[in-house]
Amino acid sequence: MNLTAILVAVAVGQNAHLSQPIFVDRTQEMGLRLNADAVCLVDIDNDGWTDICSSTGIWHNNHGTGFTRVGEGGTFVAADFDNDGFVDLFDYSRQRLYRNNGGKAFAPVDLPALPPTNSRGACWGDFNGDGYADLYIGGFEDWDRDITYPSMILVNESGKSFKLAWTSATYRTRGVTACDFNRDGNLDIYVSNYRLQPNQLWLNAGGAKFRDAAFEFGVVATSPGFDGGHSIGAAWGDFNNDGWMDLFAGNFAHRDSRGDQPKSRFLLNMGPKRAYHFDDVGTCGIFYQESYASPAVADFDNDGNLDLFFTTVYPVASFNNPNFPVLYRNDGNMHFSDVTEFAGLSKLPPNYQAAWADFNHDGRMDLVTAGHLYMNNAPQKHWLEVRLRGDGKSVNRSAIGSQVRIPFHGKTLTRQVEAGTGEGNQNDLTLHFGLADEKSPVDLEIYWPNGKTQHIHRVRCDQVVDFTFHR
């Protein structure tokens, strides 16, 4: 074990358990047969347990004891588009929508005629504020034929149908993820573009009226001498616990005649005092590998700081880089340490799959990547998990776009409900907070996607709590 791993072991309270990895592969014993395609983690039947939707099938979680295959697979992002109380599935690679019939089966839903596209990722969100979840679909490329496929916005028409509201083939998009980063009640969209093209921040002025404000807010995710990066995926998260949602932009970075192409970087939201501009604070300990791909964030050690898992595209050892997926621990001062080997995740194969959920309700975030389910065996600390639900009228049932804040030792922990992260993956809709050694009840501020704020006082930790929006 190297020095970094020993220091991290002490930090997470592992002094007496140095020989035991944090993450243990439970794929086979849980009855799963997965591959390395992107995954969507969501509760499909409202039994309170997170299921797995993948290209190998829909896998029902049997109360944390195992999984049973209950449906056909696809590359899904999930939200309750008709507000009937059950999440529905959109297969972005095949442009197909499936309605959830009471948690028992999925049935295809007709969509309007759409232009042909090749999509690597999509996200749900109520972009026009009518209480129904809409879709942003990213369009990628056909490299051999030099074709840029269109990205699209599909507007939900009261849960009955969808309308193609916008399309553009300007950029070659890979990752799509949404967040109301300035908390004005309008959900914005961050788009990760490839081929050294600039990333986009679609600023929502309300009513799904967007303009690209990436340069204005400082989130193009590039370096001097380049117009953009080879961005594959990005992830929203409050990495410095100041109450405002930041961005991690993941860049695949070759070396060329100009030097390193733009590397992955953290972009910190400076909040209302600086008009929500983002400061590029660089790599913050993310070491150089050429083939980084899809990031996903969660507090795996329950210390209150969001950590980062980052996949890679290929394993070729170029420029003395191994190009393996990496788990980075947030040390709490905007520095991230490589704890991959210590955590039991060393030398995973390259893949784009990365998503987090607490599958067995033990308060520790588990990881799905590289076709495997890794259960979290970290030392137990205090935690809280929050499930939000809209009223289906002014707030979409899945509560996508909601944020929850918890005051915590002079800081503010912030999490958001999102349906799409990295490149084509989806974390569980349940919000997870690590609370370290805090035993006392905590206060919650719920920011709903219609701009309303709700305050909940003295919530006991170490439990899953549910809150529904009421007017």
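**Figure 1. Overall view of the protein, with three helices and 39 strands.** This is a predicted model, and a good place to start is the whole chain. The secondary structure comes to three helices alongside 39 strands. The protein has 471 residues and a radius of gyration of 20 Å, which agrees with the value near 23 Å that a compact globule of that length would have. Taken along the principal axes, the C-alpha atoms fill a box of roughly 60 × 55 × 50 Å.

**Figure 2. Inside and outside of the protein, where 63% of the 471 residues are buried.** The accessible surface comes to about 17100 Å², and carbon and sulfur atoms account for 50% of that surface. Looking at contacts between residues at least 6 apart in sequence, 54% of them join residues at least 24 apart. As for charge, the protein carries 39 positive and 57 negative side chains. The centres of these two sets lie 2 Å apart.

**Figure 3. Close-up of the cysteines C40 and C53, whose sulfurs are 4.9 Å apart.** A disulfide is a covalent bond between the sulfur atoms of two cysteines. How many disulfides does a search of the whole structure find? The search finds zero. This view shows one pair to consider: the cysteine sulfur closest to that of C40 belongs to C53, and at 4.9 Å it is too far for a bond. Seen from the other side, C53 has its closest cysteine sulfur in C40. The cut-off for a disulfide is a pair of sulfur atoms within 2.5 Å, so the 4.9 Å between C53 and C40 does not qualify. Both residues are tucked away from the surface: C40 is buried, with a relative accessible area of 0%, and C53 is buried too, at 1%.

**Figure 4. Close-up of W49, a buried residue in a loop.** Look for W49 in the loop that runs between strand 2 (40-42) and strand 3 (51-54). Is W49 buried or exposed? With a relative accessible area of 15%, W49 is buried, because buried means under 20%. Leaving aside residues up to four places away in sequence, W49 touches D43, N61, H63, G64, F359, N360 and H361. N62 makes a handy landmark here: W49 and N62 are 13 residues apart along the chain, and their C-alpha atoms are separated by 7.7 Å.

**Figure 5. Close-up of N46 and A399, two residues with a positive phi.** Most residues other than glycine have a negative phi. What is the phi of N46, which is not a glycine? The phi of N46 is positive, at about 60°. You will find N46 in the loop between strand 2 and strand 3, where it is partly exposed, with a relative accessible area of 40%. A399, also not a glycine, has a positive phi of about 60° as well. Its place is the loop between strand 33 (382-389) and strand 34 (403-408). With a relative accessibility of 0%, A399 counts as buried.

**Figure 6. Close-up of L111 and its contacts.** L111 belongs to the loop between strand 9 (106-109) and strand 10 (122-125). Which residues does L111 touch, not counting those up to four places away in sequence? They are F90, Q95, R96, L97, L154 and F162. For a sense of scale, try finding V326: L111 and V326 are 215 residues apart in sequence, and their C-alpha atoms are 39 Å apart in space.

**Figure 7. Close-up of A133, buried in a loop.** Here we follow the chain to the loop between strand 10 and strand 11 (134-137), where A133 is found. A133 has a relative accessible area of 1%, which counts as buried. Beyond residues up to four places away in sequence, A133 touches A79, F81, W124, G125, D126, N156, F162 and N396. From A133 to T311 there are 178 residues along the chain, and the two C-alpha atoms are separated by 29 Å.

**Figure 8. Close-up of E341, an exposed residue in helix 3.** Helix 3 covers residues 340-343, and E341 lies in it. At 55% relative accessibility, E341 counts as exposed, because exposed means over 50%. To place E341 within the wider structure, look for N241: the two are 100 residues apart along the chain, with 27 Å between their C-alpha atoms.

Note on methods. Residues numbered from 1 in each chain as written. Predicted model: local features only at pLDDT ≥ 70, side-chain atom pairs only at ≥ 80, totals over all residues. Heavy atoms only, no water. Helix = DSSP H or I, 4+ residues; strand = E, 2+ residues; numbered from the N terminus. Rg over C-alpha atoms; globule rule 2.2 N^0.38 Å. Buried < 20%, exposed > 50% of the residue type's maximum accessible area, 1.4 Å probe, protein only. Contact = heavy atoms within 4.5 Å. Areas by Shrake-Rupley, 256 points an atom, 1.4 Å probe, with all protein chains shown as cover. Lys, Arg positive; Asp, Glu negative; His and termini not counted. Charge placed at Lys NZ, Arg CZ, Asp CG, Glu CD.
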